[in-house]
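Let's take a relaxed walk through a small protein model. Have a look at the sequence and the 3D view, and then read on.

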Amino acid sequence: MSRAIEIRTLLIGIERRMKPLEWDLNRKQINEYKKIELTKLKHEQETLLQELQTLAPQN
């Protein structure tokens with residue numbers, strides 16, 4: 001149960017970091033470093049969502 005809460009908290013933080021980067025990307029105002037950071041955040045988000053889904057049946 002506590003791991004699920006921890007994952008949700010991490011996901012909220014990731015989403016907060018992703019929003020401004022996605023905004024910049026949509027307006028073509030993003031540099032290469034930020035594109036790489038956005039890609040890493042998306043991958044981390046995917047990984048955490050998959051882990052959360054594996055925990056869900058156990059609850």
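What follows goes from the whole chain to a few single residues.

First, some ground rules. This is a predicted model, where local features need pLDDT of at least 70 and side-chain atom pairs count only at pLDDT 80 or more, while totals for chains, interfaces and linings use all residues. Residues are numbered from 1 along each chain as its sequence is written, and side-chain values use heavy atoms, with hydrogens and water left out.

**The whole chain**

How many helices and strands are there? The chain has 2 helices and 0 strands; helices (H or I, at least four residues) and strands (E, at least two) are DSSP runs, numbered from the N terminus. The C-alpha trace spans about 45 × 15 × 15 Å along its principal axes. The radius of gyration is 14 Å, whereas a compact globule of 59 residues would come out near 10 Å. That radius is taken over C-alpha atoms, and the globule rule is 2.2 Å times the number of residues to the power 0.38.

Of the 59 residues, 24% count as buried. Buried means under 20% relative accessible area, exposed means over 50%, and partly exposed is in between (1.4 Å probe, protein chains only). Now for contacts, meaning heavy atoms within 4.5 Å: among those between residues at least 6 apart in sequence, 62% join residues at least 24 apart.

**Three residues to find**

Here is where they sit.

| Residue | Place |
|---|---|
| Asp24 | helix α1 (residues 2-26) |
| Gln45 | helix α2 (residues 32-55) |
| Glu32 | helix α2 |

Is Gln45 buried or exposed? Gln45 has a relative accessible area of 17%, so it counts as buried. Leaving out residues up to four places away in sequence, Gln45 touches Leu11, Ile14, Glu15 and Met18.

Asp24 is buried too, yet has no salt bridge. A salt bridge would need a side-chain nitrogen of Lys or Arg within 4 Å of a carboxyl oxygen of Asp or Glu. The nearest side chain of opposite charge to Asp24 is Lys34, 4.2 Å away. Here Lys and Arg count as positive and Asp and Glu as negative, with His and the chain ends not counted. Setting aside neighbours within four places in sequence, Asp24 is in contact with Gln29, Ile30 and Lys34.

Why does Glu32 count as exposed? Because its relative accessibility is 55%. Try finding Arg3 as well: Glu32 and Arg3 are 29 residues apart in sequence and 33 Å apart in space, C-alpha to C-alpha.
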